[in-house]
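This briefing goes through a protein model together with its ligand. Please keep the sequence and the structure in view while reading.

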Amino acid sequence: MNIELVELSSFQDERGLLVAIEALKDIPFNISRIYYFLNTELSSVRGFHAHKKLEQLIVVLKGKCTFTLDNGSDRKSVQLDSPTQGLLLKSGIWREIDEISHDCICLVIASEFYDESDYIRDYDDFKEYISKIQ
Ligand code: TYD
């Protein structure tokens, strides 16, 4: 399974670091929504779902967390801890997020508006969905 990590355009100077992300250039979709999670309690986990249509670029602006990705046949984990690196998540990928540091600020850039009907929140349903679309 291919984990797509994108090196973002970053500009370091004597003042500090600036990182820029442009739709349809750095990410292969138009941006409909941005959200972020932070202040995560110790041992809390997030995710545990897949999307039918939604694509996302995930950037950990501060701290760190681990994304475990599952395409139905293969499972891989990647630790995100760099504000200049984006994880590109296509549709049809089950994701689990753990080892989230309390100082972690995780930005998610999404291709679609929030739509609960796009979520698959049960792993067995995900396996069935993937086997049907493959
Ligand atoms: P949830 O899907 O549980 O987050 P995670 O992906 O980390 O498991 O979302 C938590 C709550 O926030 C849930 O009530 C739905 C709501 N929510 C929105 O209203 N809009 C959004 O864009 C997102 C991502 C979540």
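Which strands each supply at least two residues of the lining of the largest pocket? They are β4, β5, β6 (56-62) and β10 (94-98). The model is a predicted one. The points below cover the pocket, the ligand and several loop residues.

**Largest pocket**

- The space in the largest pocket comes to about 220 Å³. Its lining is made up of 14 residues, and those closest to the pocket centre are Tyr35, Phe37, Gly47, His49 and Ile97.
- β4 provides the largest share of this lining, with 4 residues.
- Sorted by class, the lining of the largest pocket holds 8 nonpolar residues, 3 polar residues and 3 charged residues.

**Ligand surroundings**

- The ligand is surrounded by Arg33, Tyr35, Arg46, Gly47, His49, Tyr114, Tyr119 and Arg121.
- By class, this shell consists of 3 nonpolar, 2 polar and 3 charged residues.
- At least two shell residues come from β4 (33-37), and at least two come from β5 (46-51). β5 makes the greatest contribution, 3 residues.
- Tyr35, Gly47 and His49 are among the residues around the ligand, and these three are also listed among the residues closest to the centre of the largest pocket.

**Polar contacts of the ligand**

- The side chain of Arg33 has an N or O atom 2.4 Å from an oxygen atom of the ligand.
- Arg46 also approaches the ligand through its side chain, where a polar atom is 2.9 Å from a ligand oxygen.
- Gly47 takes part through its backbone: a polar backbone atom is 3.1 Å from an oxygen atom of the ligand. On its own the ligand has 530 Å² of accessible area, and the protein covers 57% of that area.

**Positive phi values**

- Leu24 sits in the loop between β3 (16-20) and β4. Leu24 is not a glycine, yet its phi is positive, near 65 degrees.
- Is Leu24 buried or exposed? Its relative accessible area is 56%, so Leu24 counts as exposed, the cut-off being over 50%.
- Ser43 belongs to the loop between β4 and β5. Its phi is near 70 degrees, again a positive value in a residue other than glycine.
- The relative accessibility of Ser43 is 68%, and therefore Ser43 is classed as exposed.

**Loop between β4 and β5**

- Glu41 is placed in the loop between β4 and β5, where Ser43 is also found.
- Glu41 is exposed because its relative accessible area, 54%, is over 50%.
- Sequence separation and distance in space can be set side by side for Glu41 and Ser101: they are 60 residues apart in sequence, while their C-alpha atoms are 8.3 Å apart.

**Loop between β5 and β6**

- Glu55 lies in the loop between β5 and β6.
- With a relative accessible area of 22%, Glu55 is partly exposed, because this value falls between the limits of 20% and 50%.
- Glu55 and Ile31 are 24 residues apart along the chain, and 9.6 Å separates their C-alpha atoms.

**Loop between β7 and β8**

- Asn71 is located in the loop between β7 (65-70) and β8 (75-80).
- What does the side chain of Asn71 reach at 3.0 Å? It reaches the backbone nitrogen of Ser73.
- A polar atom of the Asn71 side chain is also 2.8 Å from the backbone nitrogen of Asp74.

**Loop between β8 and β9**

- Thr84 is found in the loop between β8 and β9 (85-89).
- Why does Thr84 count as buried? Its relative accessibility is 14%, and buried means under 20%, so Thr84 meets the cut-off.
- The Thr84 side chain is in polar contact with the side chain of Glu7, at 3.2 Å. The side chain of Thr84 also has a polar contact with the side chain of Ser82, at 3.0 Å.

Key: Residues numbered from 1 in each chain as written. Predicted model: local features only at pLDDT ≥ 70, side-chain atom pairs only at ≥ 80, totals over all residues. Heavy atoms only, no water. Near = heavy atom within 4 Å. Polar contact = N/O pair within 3.5 Å; in protein donor to acceptor, adjacent residues only side chain to side chain. Areas by Shrake-Rupley, 256 points an atom, 1.4 Å probe, with all protein chains shown as cover. Nonpolar A, V, L, I, M, F, W, Y, C, P; charged D, E, K, R; others polar. 1 Å grid on protein atoms, 1.4 Å probe; cavity = no way out; pocket = protein on both sides within 12 Å on 5 of 7 lines; lining within 4 Å. Points joined across faces, edges and corners; volume = space filled by probe spheres on them. Buried < 20%, exposed > 50% of the residue type's maximum accessible area, 1.4 Å probe, protein only.
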